[in-house]
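Please look through the sequence and the model below before reading on. The report then moves from the order of the elements to the interior of the chain.

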Amino acid sequence: MTEKQPEKHKKVGEKESADSKKDIQESLLKVGFISKEEFNNEREQWKKKLAYALAEQENIKKSAQKEIEKVRDFAILDLVKEILVSVESLEKAVAHMLEHNVEGPVFEGSKLTLDAIFSALKKNGIEKIEAKGARFDHDLHQAVSTVKAADLPNNTVFEVLQDGYTIKGRLLRPAVVVVVDNLE
């Protein structure tokens, strides 16, 4: 019997709370502080303000999350730029070994290391700009020279002097290129 009493009191308490809110509303209306219409209008205004505040809070939360992601994505820029210098040196070493028909464990290990580095860079959104033969794009390429080449259209990248890279679609470093200029 004592176990059911708290349950009973709880239901009574909940009902009393709802009843007391109604009593307060009714007493405010009776006393003449506000009319029922004014009360309902004000209640609707507060509901709207609450909805706007909740929407604004959600927008701020999303904006902050995007900013955190952006900071995280681009926090490694300086490190990546430094690593790319070493990657390019390793690329040149592998190209030299290929050119001179060098074989063996050093060559194979260098190729595997280079492949692993490029794989890790790609997983983190860092990609090489494929420039040779592409149309010159001032957003991705930095032209340092021009050359005449009758077999290629004007403003085509003729040669890549230094590879360029992007990180998650944003330019990390432009490709340094030589561009075809057949105009006289």
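## Order of the elements

Followed along its sequence, the chain runs through the pattern α-α-α-α-β-β-β-β-β-β, so that is the order to trace in this predicted model. Counted up, the secondary structure amounts to four helices and six strands.

## Contacts and surface

Of the contacts in the chain that link residues at least 6 apart in sequence, 61% join residues at least 24 apart. Of the 184 residues in the chain, 19% are buried. The chain exposes about 14,400 Å², and carbon and sulfur atoms account for 55% of that exposed area.

## The largest nonpolar core

Which residues form the largest nonpolar core? This core has nine residues, namely Phe74, Leu77, Val80, Leu84, Leu121, Ile126, Tyr165, Ile167 and Leu172. Two elements, α3 (77-99) and β4 (165-167), each give two or more residues to this core, and α3 gives the most, with three residues.

The core lies between domain 1 (36-124) and domain 2 (126-183), because both of these domains give residues to it. Within the core, Val80 can be examined more closely: leaving aside residues up to four places away in sequence, Val80 touches Ile126 and Leu172.

## A second core

Separate from the core just described, there is a second core of six residues, and among them are Val87, Leu90, Met97 and Leu114.

Terms used. Residues are numbered from 1 along each chain as its sequence is written. This is a predicted model: local features need pLDDT of at least 70, side-chain atom pairs count only at pLDDT 80 or more; totals for chains, interfaces and linings use all residues. Side-chain values use heavy atoms; hydrogens and water are left out. Buried means under 20% relative accessible area, exposed over 50%, partly exposed in between (1.4 Å probe, protein chains only). Contact means heavy atoms within 4.5 Å. Accessible areas come from the Shrake-Rupley method with a 1.4 Å probe; for residues, only the protein chains shown count as cover. A nonpolar core is a set of buried Ala, Val, Leu, Ile, Met, Phe, Trp, Tyr and Cys residues joined through side-chain atoms within 4.5 Å. Domain bounds come from an automatic or database domain assignment.
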